[in-house]
Amino acid sequence: MVEIAIMGYGVVGSGVAEVLCNHTENIAKRAKEEIRIKYILDLREFPEDPLADRFTKSFDDILNDPDVKIVVEVMGGLHPAYDFVRSCLLAGKSVVTSNKELVAQKGADLLALAQKQNLNFLFEASVGGGIPIIRPMSQCLAANDVIEIDGILNGTTNFILTKMIRDQMDFDDALALAQKLGYAERNPAADVEGLDACRKICILASLAFGKHVYPDQVHTEGITKVTLADVEYAEVWGGVIKLIGRVKILENDQIHIMVCPMFVPRSSQLATVDDVFNGIQVRGDSIGDVVFYGKGAGKLPTASAVVADVIDCVRHFKARKYLFWDQAVPNYVCDYRKDTVAFYVRAKSEDSAFALGQAEGLFGPVRQLVRKGAGKDEFAFVTEPLVEEDFLDKLEQLKDEGAEVLSTLRIGEF
Ligand code: HSE
């Protein structure tokens, strides 16, 4: 029998306990050992819980118990999670976590420590919730050089954008609905400002290209400025707006990485990923494009990924799982403005036809987009691909010539 501890009894922690209790026999068959929860760490009281006798408020109970071989960290946040996880590894316990903030900020340190201790530090649930992505990337795609990853990595923002696209709900109403349905946090900033997706693309980038990438190295834009007018123009263009986390390797071995809302063509599989679902497209040099799709959040989907990691740990006590990346290196993340990308622009001018002509003079041939119900002064267009810093210069010139720029979005080529 293997004894484990769960740190944090929120949505994911209680889901992990539920999955382990409801599937005890099958899990024992797959792990080749019975798995028993010995402790649950939480400061709150759960007197009615079927596992009420396992609760503790003291981390030391877990740390000092040599029978606990695996610790599941599902508390979230960096502190005290980082200190707890580090202490567990130093004490000879393998760790499984769903905590994307922890992995995005401290992944290289914790992986190095786990390697030194000959232990496992696994985090399948930190990206894509229940979608298998970390293990497939590190094992099934191991023969490939990854070229690019593009993902819809945040369920809350995908739900909000889906409501805007399908039901013409504006951003505030869609966010309020997401909160009512329990998808968005009460403080939704990490979701809607793109930080959650940023942490996840950092983890995927670190895994795919072997060097740690920190969230503050990644240019990140959320969806708060996306309007129903932009959604309509995307439809006219032939696609939808999605919040995309993207990373690609460049010829000079730097990476280009960013998070931003993008126009996604209807022909792309990512355009069909709706509601709270996530979709991650990985391009490998041998395999081409593969897409991973499923529930990126929620109690049982996330718990399913956590428990699978626990089973993997049990089966690999003596042989460490191969999962590793190096510390960050300087000048590895390129300036995002050096990338070449096409842009959508929505703007206003008293003489919109004249302003559109000026735009063509600046940007070269553009594709004009027209929507029903637009004011006479509104105009919108899509440029040809150009280096982003050139685009920004030209946009300033368009403003100097009198146009009021209302929004700009990048065009994804997936
Ligand atoms: N807030 C996250 C999301 C939860 O909406 O995708 C899962 O990481």
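Q: What makes the side chain of K100 a polar contact of the ligand?
A: In this predicted model, an oxygen atom of the ligand is 2.5 Å from an N or O atom in the side chain of K100. A polar contact is a pair of N or O atoms within 3.5 Å, so the K100 pair counts as one.

Q: How do you know that the side chains of N154 and D191 also make polar contacts with the ligand?
A: For N154, the distance from a side-chain N or O atom to an oxygen atom of the ligand is 3.4 Å. For D191, a side-chain N or O atom is 2.8 Å from a nitrogen atom of the ligand. The cut-off is 3.5 Å, so both pairs qualify.

Q: How much of the ligand does the protein cover?
A: On its own the ligand has 250 Å² of accessible area, and the protein covers 85% of that.

Q: Which elements give two or more residues to the shell around the ligand?
A: They are α7 (155–167) and α10 (195–209).

Q: Which residues are around the ligand, and what classes do they fall into?
A: The residues are K100, N154, G155, T156, D191, D196, K200, G296 and A297. By class, one is nonpolar, four are polar and four are charged. Gly counts as polar, so G155 and G296 belong to the polar class.

Q: What makes β3 and β6 edge strands?
A: The open sheet has six strands, paired in parallel, in the order β3-β2-β1-β4-β5-β6. β3 (55–56) and β6 (121–122) each have a single partner strand, so one side of each lacks a neighbour in the sheet.

Q: Why are β1 and β2 called paired?
A: Pairing requires at least two bridges, and six join β1 (residues 2–7) to β2 (residues 35–41), so these parallel strands are paired. V2 stands opposite I35 in β2. Helix α1 (residues 11–22) lies across β1 and β2, running at about 155° to β1.

Q: What makes the peptide bond between H79 and P80 stand out?
A: This bond is cis, with omega about 10°. Most peptide bonds are trans. P80 lies in the loop between β4 (68–73) and α4 (81–90).

Q: What is notable about phi of Q168?
A: Phi of Q168 is near 50°, a positive value in a residue other than glycine. Most residues other than glycine have a negative phi. Q168 lies in the loop between α7 and α8 (171–180).

How values were computed
Residues numbered from 1 in each chain as written. Predicted model: local features only at pLDDT ≥ 70, side-chain atom pairs only at ≥ 80, totals over all residues. Heavy atoms only, no water. Helix = DSSP H or I, 4+ residues; strand = E, 2+ residues; numbered from the N terminus. Contact = heavy atoms within 4.5 Å. Axes fitted to C-alpha atoms, helices over the stretch in contact; angles between N-to-C directions. Near = heavy atom within 4 Å. Polar contact = N/O pair within 3.5 Å; in protein donor to acceptor, adjacent residues only side chain to side chain. Areas by Shrake-Rupley, 256 points an atom, 1.4 Å probe, with all protein chains shown as cover.
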